[in-house]
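Morning, everyone. Please have the model open on your screens while I talk.

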There are 2 protein chains.
Amino acid sequence: EVKFEQISPADFFYRNRDIAGFSNPSRSLYTSVRELVENSLDAAEIGRILPNIIVELTAESEVEGEGTSIYKLRVEDNGIGVDPNYIPRAFATVLFGSKYGYKQNRGTFGLGGTMALLYGQITTNRPATVISSKGGKEIHKFVLMIDIMKNEPRVLKHEVYKNERKWRGTIIEFYLEADYTGSKAKIIEYFKQTAISNPHASILFIDVKGRMYFFPRATDIVPEPPKETRPHPVGVDVELMNRLIANSKEKTLLSFLVSNFQRVGEKTAREILEIANLPIDKDPKKLTHEEITNLVESMKNYGKFRAPDPSSVSPIGEELLRIGIQNMLKPDFIYVVQRPPSSYSGYPFVVEVGLAYGGQIPPIEGVHLYRFANKIPLLYDERADVVWKVVTEKIDWSYYKVPKIAPIALVTHICSPKIPYKSVGKEAVADRPEIERELVIAIREAARQLKLYLSKIEKKKMTIKR
Amino acid sequence: EVKFEQISPADFFYRNRDIAGFSNPSRSLYTSVRELVENSLDAAEIGRILPNIIVELTAESEVEGEGTSIYKLRVEDNGIGVDPNYIPRAFATVLFGSKYGYKQNRGTFGLGGTMALLYGQITTNRPATVISSKGGKEIHKFVLMIDIMKNEPRVLKHEVYKNERKWRGTIIEFYLEADYTGSKAKIIEYFKQTAISNPHASILFIDVKGRMYFFPRATDIVPEPPKETRPHPVGVDVELMNRLIANSKEKTLLSFLVSNFQRVGEKTAREILEIANLPIDKDPKKLTHEEITNLVESMKNYGKFRAPDPSSVSPIGEELLRIGIQNMLKPDFIYVVQRPPSSYSGYPFVVEVGLAYGGQIPPIEGVHLYRFANKIPLLYDERADVVWKVVTEKIDWSYYKVPKIAPIALVTHICSPKIPYKSVGKEAVADRPEIERELVIAIREAARQLKLYLSKIEKKKMTIKR
Ligand SMILES: Nc1ncnc2c1ncn2[C@@H]1O[C@H](COP(=O)(O)OP(=O)(O)OP(=O)(O)O)[C@@H](O)[C@H]1O
Ligand SMILES: Nc1ncnc2c1ncn2[C@@H]1O[C@H](COP(=O)(O)OP(=O)(O)OP(=O)(O)O)[C@@H](O)[C@H]1O
Ligand SMILES: [Mg+2]
Ligand SMILES: [Mg+2]
């Protein structure tokens with residue numbers, strides 16, 4: 001009568017695909033496009049490549065009575081490509097990926113690319129094609145399906161070609177039931193906003209009608225990529241400690257602590273081990289259960305660590321953010337601020353904010369909000385986002401002379417090796433107090449500048465009247 | 001340089017535990033309590049048992065400098081118990097559970113109980129204890145830890161006792177680092193609201209100070225439990241069809257369709273197969289890839305199915321909902337409405353709404369909102385919920401004579417074999433158009449009654465003045 005089952009993670013995300021952003025045919029098309037484009041941008045970033053991305057949507061057939069169609073979605077990039085030994089699992093297995101390390105990436109879950117292909121497969125029963133080369137002698141082409149119950153790839157075909165022109169990159173092609181009319185505006189908006197957070201990327205979008213939308217790069221400068229760093233001791237827990245010990249080759253607790261955590265030098269390590277009452281030369285693998293718990297507690301309570309190393313973070317930068325906002329919104333006033341690095345729960349993060357006013361911004365009651373996290377535009381779940389909370393509850397816009405209806409826009413970017421997303425759909429950021437505080441400080445600084453500007457405009461009007 | 005990893009689902013939810021509701025020590029205590037209480041309520045429901053649940057929190061030790069403590073959390077119920085063959089995986093493996101069928105349960109993901117124990121384990125390094133009996137000859141006691149990287153239980157101890165007093169139920173005991181002061185109000189509120197949606201449950205809560213909070217049952221009537229039903233054809237996709245075919249013993253397409261889907265009788269099955277151009281006596285296991293796709297398309301476009309069978313749904317009921325709201329809010333006015341069953345994406349659902357005014361309700365700008373889904377109180381993420389969207393955007397309260405500041409409260413309950421939660425944290429329901437529509441209709445009906453009541457009150461005041 002009580003029937004127990006174990007389900008695979010692919011099965012879990014198949015059953016709950018709305019949580020991953022596949023809730024209806026138009027949203028599913030949007031999510032598929034963004035997941036693949038974000039993968040392409042990550043692939044360029046690792047190789048310090050100027051990204052060239054082509055997104056092509058073609059209509060295959062109408063689906064009667066549904067208002068949807070079967071489309072072919074093809075995304076091509078010039079990124080670093082995928083090692084053929086990993087292609088099947090990278091695209092047909094969930095919880096498999098290369099972005100689990102401690103540094104800022106667009107991707108984070110090991111889920112998005114596979115979910116797009118999974119959605120296509122369950123709505124069309126057709127396999128996906130992945131073609132990739134790392135720029136070497138060979139180009140590999142795989143035709144794949146996903147065994148959802150086992151969370152495994154099924155390789156239907158694998159062909160290898162000579163890479164005569166030394167091509168490097170990845171092409172994904174798959175079919176899905178979708179509603180382009182319902183998602184077109186969001187998809188175009190996604191590309192426009194991606195241009196702000198990735199000004200060095202060139203994106204071409206060809207839609208079902210053959211219309212071309214070209215988003216040229218605004219700069220040839222490749223941003224400094226983030227570096228992988230060690231975890232910060234403030235974020236440690238017993239599980240992490242156990243894993244670090246299991247993987248460690250260090251012979252003493254002193255060298256173990258220094259080499260496995262950032263911001264832990266010899267002096268700090270000695271102090272921690274003194275608090276934990278552990279000898280500095282003990283073999284980490286010989287620690288008892290209680291000693292490990294004690295060590296973790298001592299690290300969490302030490303309280304004197306330097307702030308986390310921000311080299312695992314890669315912001316947009318004030319100048320490029322200004323250019324991007326100028327190009328997209330064409331305002332009269334613009335003020336951009338990049339906050340110094342801060343941290344939450346041991347994770348470093350940087351907040352960047354741009355406030356724009358006037359010009360071609362349409363007047364609105366409230367504020368036009370453009371939210372970014374790790375250079376990804378967030379176009380859904382605005383009300384659930386920490387930025388919305390700050391803008392509506394912590395900023396009194398009238399104090400800064402902003403009228404109730406005003407041509408005002410706010411652009412926010414939060415970047416970190418770990419963004420506290422509220423859901424695997426990556427559309428809203430949770431209101432961690434440290435992040436909220438940084439946003440408040442940054443937005444108020446920009447709002448003060450706006451107040452000065454609006455006062456000047458006011459004065460000019462008075463002068464003209466007389 | 002690019003390092004690929006496969007992570008287990010336990011590892012995934014460990015790394016992203018904030019998404020599952022374990023974002024900080026006070027929220028984690030709240031989530032642990034709710035996940036275990038919901039498991040106990042589900043266990044009573046299956047056995048048509050009047051639930052007696054005891055939740056006991058004891059402080060073990062202070063955690064210096066953190067404002068948190070190590071607590072022991074113990075939850076005991078008189079539910080149907082757990083088969084000892086399944087206890088280790090039920091509580092120490094994620095994506096393992098008994099609630100994956102097509103009927104309304106509080107649990108749905110196979111995740112919650114294990115996540116509470118996982119959080120306890122990573123913050124205290126201590127094992128959990130599960131004691132259970134199905135009322136037979138034996139009581140089984142397991143001491144468990146979770147191997148997070150493998151998503152497997154580690155049984156440290158397994159003892160069997162004679163069940164001399166024929167006890168039936170389950171006891172969970174584990175340790176976790178938490179902040180009771182920060183979550184106390186929410187935990188008490190959770191119990192109060194659970195009494196509304198589960199008026200037949202009796203809950204005793206003993207907190208860290210030894211204070212007892214008793215929530216007695218308001219009725220001895222056990223609600224009609226939901227029944228498992230076949231999937232509705234409107235929700236079919238290729239993956240589901242492939243699995244049904246693989247598991248089916250039916251020899252013909254006709255009997256296959258009739259026995260695997262609700263609302264498909266012989267006549268309907270014949271019409272579908274005619275549209276799909278498939279012979280009624282074909283062996284389902286002999287269908288080609290294309291034929292399966294074609295069959296799924298024909299079913300999705302058939303358009304003439306009867307609405308989904310609501311016997312997989314178990315609402316609170318108008319009378320019990322009224323009693324619960326009366327007890328909790330003590331209003332002067334109360335109006336309750338249960339909508340007829342509706343459906344979204346092939347899933348039946350029922351909306352129940354209670355509107356209360358005056359009496360002991362404190363005046364508020366807006367509306368006090370009490371949201372429920374599958375008899376679970378939702379206390380977080382209000383702004384992300386479909387009910388918030390309806391209450392703030394689709395209902396013009398002033399039209400119903402409700403003043404800007406008013407003693408008004410709205411209680412909403414949505415129940416379905418599948419609730420479209422926005423996240424695995426189960427705190428907000430997505431705005432499916434069909435659900436939104438039912439909420440609007442129900443709330444407007446109640447609001448019209450409130451308008452009549454407020455007009456009467458108005459008239460009386462006028463009469464008294466003269
Ligand atoms: N265009 C691409 N070029 C190179 N590698 C890619 C590309 N697309 C995907 N990959 C590889 O496949 C892996 C899996 O991709 P997938 O989108 O499923 O997960 P992810 O990007 O790691 O995380 P997320 O779920 O957050 O997107 C990536 O980690 C990356 O290594
Ligand atoms: N108190 C209990 N009595 C009986 N069975 C229980 C109890 N608690 C848990 N179980 C069993 O253990 C399984 C796993 O519980 P868990 O909370 O992890 O997942 P779930 O309740 O199925 O889904 P969810 O993640 O949505 O809570 C349940 O499906 C149920 O069969
Ligand atoms: Mg990705
Ligand atoms: Mg549960």
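I will go through how the two chains pair, and then the two ligand sites.

First, the ground rules. This is a predicted model, where local features need pLDDT of at least 70 and side-chain atom pairs count only at pLDDT 80 or more, while totals for chains, interfaces and linings use all residues. Residues are numbered from 1 along each chain as its sequence is written, chains are lettered from A and ligands numbered from 1 in the order in which they are written, and side-chain values use heavy atoms, with hydrogens and water left out.

Now the pairing. A turn of 180° with a shift of 0.0 Å along the axis lays chain A on chain B, at an RMSD of 0.0 Å; the fit is by least squares on the C-alpha atoms of residues with pLDDT of at least 70 in both copies. The two copies are thus related as by a two-fold rotation axis. Both copies use the same surface, since 100% of the contact residues of chain A recur in chain B.

How many residues of each chain are in contact? The count is 68 residues of chain A with 68 residues of chain B, where contact means heavy atoms within 4.5 Å. About 5800 Å² is buried between the chains, and carbon and sulfur atoms give 52% of it. Buried area here is the accessible area, with a 1.4 Å probe, that two parts lose on being put together, summed over both. On the chain A side, A:Phe4, A:Asn125 and A:Arg243 lose the most area to chain B, together 12% of what that side buries.

Next, ligand 1, which lies between chains A and B. Of the 24 residues around ligand 1, those that come nearest include A:Ser98 and A:Lys426; a residue counts as near if one of its heavy atoms lies within 4 Å. Helix 2 of chain A gives the most to this shell, with four residues; helices are DSSP runs of H or I, at least four residues, numbered from the N terminus. A polar side-chain atom of A:Lys426 lies 2.7 Å from an oxygen atom of ligand 1, and one of A:Lys99 lies 2.8 Å from an oxygen atom of the ligand.

Last, ligand 2. Residues from chains A and B surround ligand 2, so the site is shared between chains. An oxygen atom of ligand 2 is 2.5 Å from an N or O atom in the side chain of B:Ser98. For B:Asn39, a polar side-chain atom lies 2.9 Å from an oxygen atom of ligand 2. That is all I have.

Note on methods
A polar contact is a pair of N or O atoms within 3.5 Å; within protein, one must be able to donate a hydrogen and the other to accept it, and residues adjacent in sequence count only if both atoms are side-chain atoms. Helices (H or I, at least four residues) and strands (E, at least two) are DSSP runs, numbered from the N terminus.
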